[in-house]
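Me: I would like to go through this structure with you, moving from its overall form to its interior. Please reason each answer through before you settle on it.

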Amino acid sequence: MIKILFGEDRGKLGEKIKAELGEDYEVFEGENLEKTDLPGIFFGETLFSSGARRILIKELGENKEVFGEFCEKIEEFVKTEAKVVLAEMKVDKRLSGVKKVAKAGVEILEFKKAETFDSRAVFGIFDLALRDGEGAVRELKKIEEKQDPYMFFGLMVSQALKKLEWRPNGAREKRIVRELSRVDMEMKSTGVEPWVLVEGFLLRMKGI
């Protein structure tokens, strides 16, 4: 298994590394590697642990020569039995070498740093969904790429609870809060992408 993780959100990236490799793994600094080191990393054995090796390679992309060798021979390296994660700050997916790596089956995941929410924009999308779900989804798409779905969802819950406070006996307000509770459970217990669940909720709101 080989995965490439990159992006500015180093916290989430670090969490993903631990999820993939656990707490105990070998670490290689990409800037210190030579092309001849790569076969040993991907196919060498270690005397200090049992089972598949778990390996983190940091910023290999900064070492242009060795990263180029990695891309060139990726079809050979993906046969490794080790679990290998490459942690990068940036990866240009337009590069032919990176495209070759992706084509070979290497998963490339980006961890973007979420921007601070404009709560008014979130509440505007929520209110729009009450009468036009498709329009609300179009507005969401404009900010979705740079935002955290869980934070967005939390602000929607806050807005729904405020509306329920204003109209404690409002039947529609109660139904919306119940539906949000159901979506919250789905976000925590299913493998469905959170934005898909949020968009689905916005589309359903007009009929709730």
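Reply: A residue counts as buried when its relative accessible area is under 20%. Please keep in mind that the model is predicted.

Me: What share of the 208 residues of the protein counts as buried?

Reply: With the cut-off of under 20% relative accessible area, the count runs over the 208 residues of the protein. The share that qualifies as buried is 40%.

Me: Why is the protein described as more spread out than a compact globule?

Reply: The protein holds 10 helices and five strands. For 208 residues the globule rule gives 17 Å, and the protein is more spread out than a compact globule because its radius of gyration lies well over that value, at 22 Å.

Me: Which helices each supply at least two residues of the largest nonpolar core?

Reply: The largest nonpolar core has 25 residues, and those touching the most other members include Phe152, Met156, Ile176 and Val198. The helices that each supply at least two residues of this core are H6 (119-129), H7 (133-144), H8 (149-166), H9 (171-189) and H10 (194-205).

Me: Which residues does Val198 touch, not counting residues up to four places away in sequence?

Reply: Val198 is among the residues of the largest nonpolar core that touch the most other members. Leaving aside residues up to four places away in sequence, its partners are Leu140, Pro149, Phe152, Phe153, Met156 and Met187.

Me: How far apart do the centres of the positive and negative side chains lie?

Reply: The protein has 38 positive side chains and 40 negative ones. The centres of these two sets are separated by 8 Å.

Key. Residues are numbered from 1 along each chain as its sequence is written. This is a predicted model: local features need pLDDT of at least 70, side-chain atom pairs count only at pLDDT 80 or more; totals for chains, interfaces and linings use all residues. Side-chain values use heavy atoms; hydrogens and water are left out. A nonpolar core is a set of buried Ala, Val, Leu, Ile, Met, Phe, Trp, Tyr and Cys residues joined through side-chain atoms within 4.5 Å. Buried means under 20% relative accessible area, exposed over 50%, partly exposed in between (1.4 Å probe, protein chains only). Helices (H or I, at least four residues) and strands (E, at least two) are DSSP runs, numbered from the N terminus. Contact means heavy atoms within 4.5 Å. The radius of gyration is taken over C-alpha atoms; the globule rule is 2.2 Å times the number of residues to the power 0.38. Lys and Arg count as positive and Asp and Glu as negative; His and the chain ends are not counted. The place of a charge is taken as NZ of Lys, CZ of Arg, CG of Asp or CD of Glu.
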